[in-house]
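Trainee: I would like to go through one strand and one pocket of this model. Please reason each answer through to the value or name.

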Amino acid sequence: MGLTLIRKSDGRRRKRDPKIALVLAGGAVSGGAFKVGGLKALDDYLVGRKMTDFDTYVGLSAGALLAVPLAAGVPPDEMIRVLDGTSTRMTQLRPIDFYTPNWREFAERPAKAAYDFMSYLPGVASDFVGAVPDLPRALGASFQKFARRPSYTNFEAFALKFIEHVSPDREIPALSNHIPTGLFDNRTIERWLSANLQRVRMPNDFRAFERKRNKNLYITACDLDTAERAVFGADENCELSISQAVQASTALPGFFRPARLNGVDYVDGGVRHTANIDVAIDKGADLIVCYNPFRPFLNRVDTDDGESTYFSDGRYLSDRGLKAVINQVFRTLLHSRLKLGIQRYLADDRFQGDIVLLEPREQDAEFFGVNPMAFWKRWEAVQHGFESVRASIEDNYEPLAAVLSSYGLEMDRPAARRRAQRMRRKQGWSGQDEHKGDDASPSLRLVGTKRA
């Protein structure tokens with residue numbers, strides 16, 4: 001796990017009544033499970049104020065699905081039990097909740113295509129028959145010119161005039177307009193979350209939720225027809241219920257059909273922004289903990305002597321096929337936007353707080369190779385996220401503890417180790433209590449550190 005500390009505060013003095021925000025980026029299925037494991041590891045280190053005690057929660061895509069239960073008071077270890085079906089508070093997330101086929105469009109769109117094509121040919125014939133009586137008037141001048149001076153140019157002019165007159169005005173039905181907009185329908189995710197908010201006795205309304213929990217919850221999506229970001233929250237757009245906002249935010253283009261809610265088509269929030277850290281800043285957060293599971297894979301390291309080391313089994317990424325190329329490009333696009341955002345926050349004088357950014361290591365080949373939409377890989381992703389965050393925190397315990405303590409978040413390393421051992425024994429995981437950093441691949445990056 002890569003850890004980046006963006007420091008803009010004066011770290012010498014402790015904040016009074018700081019506002020702490022958790023920002024969860026996307027990650028699809030395996031990335032969401034990866035975040036659950038990482039959140040559990042970070043929560044193990046915290047004493048007193050835990051992950052469910054923050055002030056603001058911002059989520060998009062898979063991060064939205066996690067932000068809601070966290071804001072509702074469901075801790076990460078309970079969310080792990082939700083994944084394995086042992087939770088007593090929430091029902092299990094099942095494959096059918098993610099992989100419900102888009103039956104409606106797969107039935108309606110081919111039928112509509114067949115109707116359009118069948119009605120097109122009779123319409124063309126009707127248009128042609130209607131145009132025949134007017135042919136002499138429309139073609140008389142060009143025909144006479146060709147008859148007086150037979151040439152290719154005059155014949156071409158006559159032929160084009162004929163085609164123009166008899167050609168139908170109606171357009172040929174475009175086959176591309178009849179392709180379903182997504183393989184699956186994520187309304188099942190909305191129903192699952194709605195039912196479970198009721199189970200934990202939490203309102204499915206942003207304003208009522210904020211009044212009951214005294215927490216700020218924000219979910220972001222992208223309006224497909226305007227390409228603008230939509231921010232849902234008690235003091236933002238609250239026309240949708242919380243579960244509907246999550247449906248809008250998780251509508252990954254191509255995989256899920258756009259979520260049409262209240263007459264608006266929404267797609268995945270990651271289309272417009274990678275993490276939405278700016279939402280937390282705008283809402284007055286002093287400390288922001290951001291978890292981004294998608295990061296480009298650093299496959300090659302060039303040495304001073306001109307030699308190169310490849311980490312993907314000693315091969316180019318392209319040697320692993322189109323899937324690896326698309327995976328790398330997708331991660332690069334998302335991460336580039338996040339880096340640009342970080343630069344803006346550093347230059348923004350209005351924000352004088354700190355950001356803790358958690359990401360996979362650049363050379364994490366194991367997680368890079370996991371299919372983001374593979375539900376059956378969720379348990380491996382939970383374990384990998386848990387161990388990765390633990391390793392990163394152990395590598396950088398002192399600087400991280402110093403940042404968090406200035407905001408009233410205290411860490412306890414022995415307690416975290418005991419909890420990790422219990423977790424491993426319960427799940428049958430192998431792991432080590434201590435982790436030493438790899439000097440060749442440092443996991444801590446300090447940005448914008450202020451000095452007294």
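**Strand 14 and the largest pocket**

Trainee: In strand 14, which residue is the bridge partner of Leu-287?
Mentor: Keep in mind that this is a predicted model. Strand 11, residues 287-291, pairs with strand 14 in the parallel sense over five bridges. Within that pairing, Leu-287 is bridged to Asp-354.

Trainee: Do strand 1 and strand 14 pair in the parallel or the antiparallel sense?
Mentor: Strand 1 covers residues 2-7 and shares six bridges with strand 14. One of the bridged pairs is Leu-5 with Val-356. The sense of the pairing between strand 1 and strand 14 is antiparallel.

Trainee: Which residues of strand 14 point the other way from Asp-354, Val-356 and Leu-358, and are they buried or exposed?
Mentor: In a regular strand, side chains alternate between the two faces of the sheet. Strand 14 spans residues 354-359, and six of its six residues are buried, where buried means under 20% relative accessible area. Opposite Asp-354, Val-356 and Leu-358 are the buried residues Ile-355, Leu-357 and Glu-359.

Trainee: How much space lies in the largest pocket?
Mentor: Rolling a probe the size of a water molecule over the atoms shows where empty space is left. For the largest pocket, that space is about 880 Å³.

Trainee: How many charged residues are in the lining of the largest pocket?
Mentor: The lining has 44 residues, and Gly-27, Ala-28, Val-29, Pro-372 and Met-373 are the closest to the pocket's centre. Helices supplying at least two lining residues each include helix 1 (28-45) and helix 12 (322-347). By class, 30 lining residues are nonpolar and 11 polar, and the charged ones number three.

Methods:
Residues numbered from 1 in each chain as written. Predicted model: local features only at pLDDT ≥ 70, side-chain atom pairs only at ≥ 80, totals over all residues. Heavy atoms only, no water. Buried < 20%, exposed > 50% of the residue type's maximum accessible area, 1.4 Å probe, protein only. Helix = DSSP H or I, 4+ residues; strand = E, 2+ residues; numbered from the N terminus. Pairing = 2+ DSSP bridges. 1 Å grid on protein atoms, 1.4 Å probe; cavity = no way out; pocket = protein on both sides within 12 Å on 5 of 7 lines; lining within 4 Å. Points joined across faces, edges and corners; volume = space filled by probe spheres on them. Nonpolar A, V, L, I, M, F, W, Y, C, P; charged D, E, K, R; others polar.
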